[in-house]
Structure formats: C-alpha cells, structure tokens
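Colleague: Could you take me closely through a single part of this model, the place where the ligands sit, and then through the parts of the chain that surround that place? I would like one connected account rather than a list.

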Amino acid sequence: MPKDEFICIGHRGASGHAPENTLKAFERAIDMGCPWVELDVYVVDGELLVIHDEKLNRTTNGSGFVEAQTVEYLRSLDAGDGEKIPLLAEVIERVKHRCKINIELKGPNTAEPVNALLDDFIAKGWREDEFMISSFDHELLAAASPRIKRGALFHKHVDSMFERADKLNAYAINLAQKMTDTEIVAQAHEKGYQVFVYTVNTHDEMLALKNMGVDGVFTNFPDLFPWDKPKQ
Ligand code: G3P
Ligand code: MG
C-alpha cells in the first residue's frame, strides 16, 4: 500500500448504521466506499460464523455461548433487522471483490478452518491480497495461513510488541486508539509495518490519526471518514 494512503475499514461492517457483522452492515460499508471491512469469527461444528461476542445475548435474540449451540440454532436467530448471523463463506461470496476483508480470529481453533476456506476461495479466483487475518491471540494468529497478510492486534502497550509482530511476520500492527501516538506509528513504519487503529468513531479523531501517519482506521461510521483530505 502506498505510504500516502489512509484507508477506511468498516468495523463489523458499517455497524453504526446497520446491525454489526451482518450482510446488511457489510453492504452499507461498501455503499459508503470502504475499501475494507472487518469482521469477527467463531467456529461451530466446522462452520465459521461471523459474530463478535462469545455470547449471543447482546447482538441476537438468542442466549448462551455461541460455541455451545448448534449451527442450526445459530442460523435461526435474528442478528438485528431480521438478518441472520452470517457464515464467513456467505460474506465472502456477497462482498465478491467489492472490498477487501479483514477476518479477526475471535474464537479458539478458528485459524485452520479460515485457512481452508480461504484456500478454497483462492482456488476459485479470489486473490490472496483481498484478505487480512488478525487476532489478539497471537498463538492463534501464528497458525494463520502464511499466504495471507497478518495483523497483530494489541489493546495495550507491551514492550515485546515489535518482537511479537516480527515473529508473526505481520503485515500490520492493529492498535487500540488510546495507545496510538506519533512515536509508535513512526517506530512501526521504520520496522516496515502498516498501522491500523480501532475503533475510531469521530471525524476529528480520524483526522488526528491521519496526521500522525496512521495507515487506516476501523470505524463504525464510514460516513465520518475524511475521504477527500490527503494525509499531511
Ligand atoms: O480488529 C479491530 C477490532 O475489531 C478489535 O476489537 O473487540 O472490536 O473485535 P473488537
Ligand atoms: Mg473485531
């Protein structure tokens, strides 16, 4: 990615405008011009489901732990506005090259099924660079396919941050907004990493991060993104 690009990543889709992690939210993000969407995955009976929380209560009309349910039950739920919890395969099919997809490994044991699914899509004509795999769980991320860009997620500063990213052969470090400053961005760039920051939901904060040299932001509100202003 050229250094002067600043990209908008629809966080759980355009989740400020449609129920998070649903096909509707991904469609909205694409309509709003996002070159990337981000989503979270769990695996249940070998199926990859797109949902953020380990429990169903907040985002669906179901209850209990995602991983304790059958796929049939999970697919019967309303994830908002009558939308189903999507399968990862469904999202990739629906997006169909209109934007790139950052798959965050949220549930345990998700690396292998994601690798297998992406291999299938790549065999069907999708490009490797249409995807990024990220996780806070760096052991899990280490099992992600080396064919696909890796984003090492951090929610707080750790001294070993760059060591971890190096070990993972990461493409990007994906940082919480509160831990992001000019110094960390400069260090990351010096070491060859892209820097993406979550979750940034005001125009002014997006501009401030852009001026720090950040390469992109995850946002629930892609309509607030400074689409037309070059990085300063
Ligand atoms: O990948 C960025 C962001 O999604 C990480 O936090 O909790 O929203 O998945 P969370
Ligand atoms: Mg996420």
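**The surroundings of ligand 1**

Modeller: The residues around ligand 1 are His 11, Arg 12, Glu 38, Asp 40, His 52, Glu 104, Lys 106, Phe 136, Leu 153, Tyr 198 and Phe 218. Please keep in mind throughout that this is a predicted model, and that the distances below are computed from it.

Among these residues, Arg 12 places a polar side-chain atom 2.8 Å from an oxygen atom of ligand 1. For His 52, the distance from a polar side-chain atom to an oxygen atom of the ligand is 2.7 Å, and for Lys 106 the corresponding value is 2.7 Å. Taken alone, ligand 1 exposes 290 Å², of which the protein buries 90%.

The magnesium ion (ligand 2) takes its protein donors from residues that also appear in the list around ligand 1. These donors are Glu 38 (OE), Asp 40 (OD) and Glu 104 (OE), and they lie 2.0 to 2.2 Å from the ion. Along the sequence the donor residues follow the spacing E-x1-D-x63-E. Because Glu 38 belongs to strand S2 (residues 36–44) and Glu 104 to strand S4 (residues 100–105), this pair ties together parts that are 66 residues apart in sequence. Both glutamates lie below the 20% cut-off for a buried residue: Glu 38 counts as buried because its relative accessibility is 3%, and Glu 104 is buried with a relative accessible area of 5%.

Phe 218, another residue around ligand 1, is placed in strand S9 (residues 216–219). With a relative accessibility of 3%, Phe 218 counts as buried. Leaving aside neighbours within four places in sequence, the contacts of Phe 218 include His 11, Glu 38 and Tyr 198, and these three are themselves around ligand 1. Its other contacts are Ile 9, Asn 102, Asn 174, Phe 196, Val 197, Thr 199 and Val 200. The C-alpha atom of Phe 218 is separated by 9.5 Å from that of Met 206, a residue 12 places away along the chain.

Strands S2 and S4, which carry Glu 38 and Glu 104, also help to cover helix H3. The buried residues of H3 (residues 88–95) are Leu 88, Val 91, Ile 92 and Val 95. Seen down the axis of H3, these buried residues fall within an arc of 95°, so they line one face of the helix. Besides S2 and S4, their cover includes helix H1 (23–31), strand S3 (47–50), helix H4 (111–123) and strand S5 (131–135). After H3 comes Lys 96, which has a positive phi, near 40°.

Positive phi values also occur in two loops. Most residues other than glycine have a negative phi. Asn 21, however, has a positive phi near 55°, and it lies in the loop between S1 and H1. Asn 21 is buried, with a relative accessible area of 2%. Thr 22 is found in that loop between strand S1 (7–11) and H1, and at 0% relative accessibility Thr 22 counts as buried. Leaving aside neighbours within four places in sequence, Thr 22 is in contact with Ala 79, Glu 83, Lys 84 and Pro 86. Asp 45, in the loop between S2 and S3, has a positive phi near 50°; unlike Asn 21, which is buried, Asp 45 is exposed, with a relative accessible area of 67%.

How values were computed. Residues numbered from 1 in each chain as written. Chains lettered and ligands numbered in written order. Predicted model: local features only at pLDDT ≥ 70, side-chain atom pairs only at ≥ 80, totals over all residues. Heavy atoms only, no water. Donors = N, O, S within 2.8 Å, 3.2 Å for Na, K, Ca; no water. Helix = DSSP H or I, 4+ residues; strand = E, 2+ residues; numbered from the N terminus. Buried < 20%, exposed > 50% of the residue type's maximum accessible area, 1.4 Å probe, protein only. Arc of directions from axis to C-beta. Contact = heavy atoms within 4.5 Å. Near = heavy atom within 4 Å. Polar contact = N/O pair within 3.5 Å; in protein donor to acceptor, adjacent residues only side chain to side chain. Areas by Shrake-Rupley, 256 points an atom, 1.4 Å probe, with all protein chains shown as cover.
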